[in-house]
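Please read the following explanation with the sequence and the model side by side. It begins inside one strand, moves outward to the neighbouring strands, and ends with the aromatic side chains.

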Amino acid sequence: MPDYEKYEKAMRPEDITRLFVERSNAGDAAGVAALYEEDAVMAYPPGGRTAGREAIRELWEKVLANRPRFEPEEPLPTLVSGDIALTSTPPGDGAGARAQVVRRQPDGSWLRLLDQPEFVSPAR
């Protein structure tokens, strides 16, 4: 199992998006997974769910094997209520929006708890 503690921590909710782009572009699936809580849930692949940090790491290993290139996206204003925050970005590809619920950790850093990387229009 990877040592998730060795990675730079997100000290603001908005840092997670930057760290995600850096680690994804470096092909570092464990580094991407380090941005998630142990029991996090990700709404990916489209129409599915991936639950747990290790499952998220395995998913990103497969995705990053194709060497996709991620571009930074300007975040929308973060909504914070105590130790919970909602972060979101409008994707550059016009795919709708991305949203994440993040939680402050005991050390003051932030991790993703829920991740909706793509909103897909419902079938009509």
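S88 lies in strand β4, where strands (E, at least two residues) and helices (H or I, at least four residues) are DSSP runs numbered from the N terminus. This is a predicted model, in which local features need pLDDT of at least 70 and side-chain atom pairs count only at pLDDT 80 or more, while totals for chains, interfaces and linings use all residues. Residues are numbered from 1 along each chain as its sequence is written, and side-chain values use heavy atoms, with hydrogens and water left out.

S88 counts as buried because its relative accessibility is 16%; buried stands for under 20% relative accessible area, exposed for over 50%, and partly exposed for what lies in between, with a 1.4 Å probe and protein chains only. Leaving aside neighbours within four places in sequence, S88 is in contact with P75, L76, R98, A99 and Q100, contact being heavy atoms within 4.5 Å. T50, by comparison, is separated from S88 by 38 residues in sequence and by 19 Å in space, taken from C-alpha to C-alpha.

The strand that holds S88 has partners on which the next part of the picture rests. Strand β4 (residues 84–89) runs antiparallel to strand β3 (residues 79–81), and three bridges join them; two strands are said to pair if DSSP finds at least two bridges between them. Within this pairing, V80 stands opposite A85 in β4, and in the hairpin, which has two residues between the strands, G82 takes a positive phi near 60 degrees. Strand β4 also pairs in the antiparallel sense with strand β5 (residues 98–104), here over six bridges, and T87 stands opposite Q100 in β5. In a regular strand the side chains alternate between the two faces of the sheet.

Beyond β5, Q105 is found in the loop that leads to β6 (110–116). Although it belongs to a loop, Q105 counts as buried, because its relative accessibility is 18%. Apart from neighbours within four places in sequence, Q105 is in contact with E37 and L111. The side chains of Q105 and E37 are joined by a polar contact of 2.9 Å, a term that stands for a pair of N or O atoms within 3.5 Å, of which, within protein, one must be able to donate a hydrogen and the other to accept it, residues adjacent in sequence counting only if both atoms are side-chain atoms.

The aromatic side chains come last. The structure holds three aromatic pairs. The rings of F20 and F70 have centres 5.2 Å apart and planes at 75 degrees, so this pair is edge-to-face; rings of Phe, Tyr and Trp (its six-membered ring) pair if their centres lie within 6.5 Å, and planes under 30 degrees apart count as stacked, over 60 as edge-to-face and the rest as tilted. This pair links distant parts of the chain, with F20 in helix α1 (residues 15–25) and F70 in the loop between α3 (53–64) and β3, 50 residues apart. F70 counts as partly exposed because its relative accessibility is 22%. The rings of W60 and F70 are also edge-to-face, since their centres are 6.1 Å apart and their planes at 65 degrees. Together, F20, W60 and F70 form one aromatic cluster.
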